[in-house]
Amino acid sequence: MRRKVANVANSRQKSLIYTCALIGLTVYGVPKLPRLAHGMAGTFTVVWLLFVALCVGANLYFLFGADKERKRLLEQQEIEVKSQGLRPEVRRLRG
């Protein structure tokens, strides 16, 4: 089943703005976080840092166009499967 990818206007600009905002939030928030220690405060710090890293990583992934590259590769693979005359299910089982 193919994944649907929507074309959003100014998506790279939005992604860049969101990434800059997240980096700014991180620079502002990290000094105010509690120290890493056992307990609720340390757990909150770790979870907050992991969440920020996940958000920044997702925005950078989208900003660099990795999703478009993946879409292009999937389309190319689909064309190869059609040219060989095999069903996509058979191709996945063999490859």
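Which residues does Thr-19 touch, not counting residues up to four places away in sequence? I looked this up in a predicted model, and I found Asn-59 and Leu-60.

**Entry 1: Thr-19**

I placed Thr-19 in helix 1, which covers residues 11–29. Next I asked whether Thr-19 is buried or exposed. Its relative accessible area is 4%. The cut-off for buried is under 20%, so I noted Thr-19 as buried. I then checked the polar side of Thr-19 and found a polar atom of its side chain 2.8 Å from the backbone oxygen of Ser-15.

**Entry 2: the whole protein**

I stepped back to list the elements. I found four helices and zero strands. Read from the N terminus on, the order is α-α-α-α. I looked up burial for the 95 residues and noted that 20% of them are buried. For the surface, I wrote down an exposed area of about 8100 Å², with 65% of it supplied by carbon and sulfur atoms. I also looked at contacts with a separation of 6 or more, and 46% of these join residues 24 or more positions apart.

**Entry 3: Thr-45**

I went to a second threonine, Thr-45, and found it in helix 2. Thr-45 has a relative accessible area of 3%. This value is under the 20% cut-off, so Thr-45 counts as buried. What does Thr-45 touch, not counting residues up to four places away in sequence? I listed Leu-33, Pro-34, Arg-35 and Leu-36. With Pro-34 there is also a polar pair: its backbone oxygen lies 2.9 Å from a polar atom of the Thr-45 side chain.

**Entry 4: the nonpolar core**

Which residues make up the largest nonpolar core? I wrote down six: Leu-22, Leu-33, Trp-48, Val-52, Cys-55 and Val-56. Helix 2 gives the largest share of this core, with four residues. Leu-33 had already come up in my notes as a residue that Thr-45 touches.

**Entry 5: the nonpolar patch**

I turned to the surface and looked for nonpolar side chains there. Leu-36, Val-46 and Leu-50 make a nonpolar patch of about 310 Å². I traced Val-46 to helix 2, which runs over residues 40–63. Why can Val-46 be part of a surface patch? Patch residues need over 30% relative accessible area, and Val-46 has 38%, so it passes this cut-off while being only partly exposed. Leu-36 of this patch is also on my list of residues touched by the buried Thr-45.

Notes
Residues are numbered from 1 along each chain as its sequence is written. This is a predicted model: local features need pLDDT of at least 70, side-chain atom pairs count only at pLDDT 80 or more; totals for chains, interfaces and linings use all residues. Side-chain values use heavy atoms; hydrogens and water are left out. Helices (H or I, at least four residues) and strands (E, at least two) are DSSP runs, numbered from the N terminus. Buried means under 20% relative accessible area, exposed over 50%, partly exposed in between (1.4 Å probe, protein chains only). Contact means heavy atoms within 4.5 Å. Accessible areas come from the Shrake-Rupley method with a 1.4 Å probe; for residues, only the protein chains shown count as cover. Patches are made of residues with over 30% relative accessible area and no salt bridge: like charges are joined within 9 Å, nonpolar side chains (Val, Leu, Ile, Met, Phe, Trp, Tyr) within 5 Å. A salt bridge is a side-chain nitrogen of Lys or Arg within 4 Å of a carboxyl oxygen of Asp or Glu. A polar contact is a pair of N or O atoms within 3.5 Å; within protein, one must be able to donate a hydrogen and the other to accept it, and residues adjacent in sequence count only if both atoms are side-chain atoms. A nonpolar core is a set of buried Ala, Val, Leu, Ile, Met, Phe, Trp, Tyr and Cys residues joined through side-chain atoms within 4.5 Å.
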